[in-house]
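Me: I'm new to this one and would like to understand the words people use for it. Could you walk me through them?

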Amino acid sequence: MNLLFCGDIVGQSGVNSVKNILPDFKRNYKVDFVVVNGENAEDGYGILPNTCEELFFQGVDVITSGNHIWDRKEIIPYIAKKNNLLRPLNYSTSCPGNGSFIYNDQLGNRILVINIM
């Protein structure tokens, strides 16, 4: 199984880079699972639901975050229901969202992603 982990996606140029590069990269290198950090996708401060959807559409499986996840209030209802957009696990349980995600592929493999800050 081939896994790809990408660091911070910063601003629209970072999002565009993922959109332009990731689909071919996944195909050429037979990447099975992609994790990116997206907490700075909106000009370095937070991420919006539509940006998450763009990244998932391009082949990202999990988006991790950090303290900037809360910079855009629009993300709060989205992260509360989207299991593969992670907040830091070591934040208060009163914060919406999850700090971990288990992915099950078609072959029965399981991948656990834990987001800790």
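**Why these words?**

Reply: Sure, let's start with one residue. Aspartate 43 is called exposed because its relative accessible area is 63%, and the cut-off for exposed is over 50%. One thing to keep in mind is that this is a predicted model.

Me: Where is aspartate 43, and what is phi like there?

Reply: Aspartate 43 sits in the loop between E2 and H2. Its phi is near 55°, a positive value in a residue other than glycine.

Me: What makes lysine 30 buried or exposed?

Reply: Lysine 30 has a relative accessible area of 60%. Exposed means over 50%, so lysine 30 counts as exposed. You'll find lysine 30 in the loop between H1 and E2, and here too phi is positive, about 50°, although the residue is not a glycine.

Me: Why is asparagine 40 called buried?

Reply: Its relative accessibility is 8%, and buried means under 20%, so the word fits asparagine 40. This residue belongs to the loop between E2 and H2. Leaving aside neighbours within four places in sequence, asparagine 40 is in contact with Asp8, Ile9, Val10, Gly11, Tyr45, Gly46 and His68.

Me: And leucine 48, how do you know whether it is buried or exposed?

Reply: Same kind of check: the relative accessible area of leucine 48 is 18%, and the limit for buried is under 20%, so leucine 48 is buried. Its place is in the loop between E2 and H2. Outside its neighbours within four places in sequence, leucine 48 is in contact with Glu42, Arg72, Glu74 and Ile75. As for proline 88, leucine 48 is 40 residues from it in sequence and 17 Å from it in space, C-alpha to C-alpha.

Me: How much of the whole protein counts as buried?

Reply: Of its 117 residues, 45% do. The protein exposes about 6,500 Å², with carbon and sulfur atoms supplying 52% of that.

Me: What makes a set of residues a nonpolar core?

Reply: The members have to be buried residues of the nonpolar kinds, joined through side-chain atoms within 4.5 Å. The largest such core here has 21 residues, and Ile47, Cys52, Leu55, Val60, Ile63 and Leu85 touch the most other members. Helix H1 (11-29), strand E2 (33-37), helix H2 (49-57) and helix H3 (75-81) are the elements that give two or more residues to this core. Apart from it lies another core of seven residues, among them Val35, Val62, Leu86 and Ile111. In soluble globular proteins, nonpolar side chains tend to be buried together.

Me: Which residues does valine 60 contact, leaving aside its neighbours within four places in sequence?

Reply: Valine 60 is in contact with Val18, Leu22, Val34, Val36 and Leu55.

Me: How do you know whether the radius of gyration agrees with a compact globule?

Reply: With 117 residues, a compact globule would come out near 13 Å; the protein has 14 Å, so the two agree. Its C-alpha atoms fill a box of roughly 40 × 35 × 20 Å along the principal axes.

Me: What is the order of the elements along the chain?

Reply: From the N terminus on, they run β-α-β-α-β-α-β-β, and there are three helices and five strands. Contacts also reach along the sequence: of those with a separation of 6 or more, 58% join residues 24 or more positions apart.

Key:
Residues numbered from 1 in each chain as written. Predicted model: local features only at pLDDT ≥ 70, side-chain atom pairs only at ≥ 80, totals over all residues. Heavy atoms only, no water. Helix = DSSP H or I, 4+ residues; strand = E, 2+ residues; numbered from the N terminus. Rg over C-alpha atoms; globule rule 2.2 N^0.38 Å. Buried < 20%, exposed > 50% of the residue type's maximum accessible area, 1.4 Å probe, protein only. Contact = heavy atoms within 4.5 Å. Areas by Shrake-Rupley, 256 points an atom, 1.4 Å probe, with all protein chains shown as cover.
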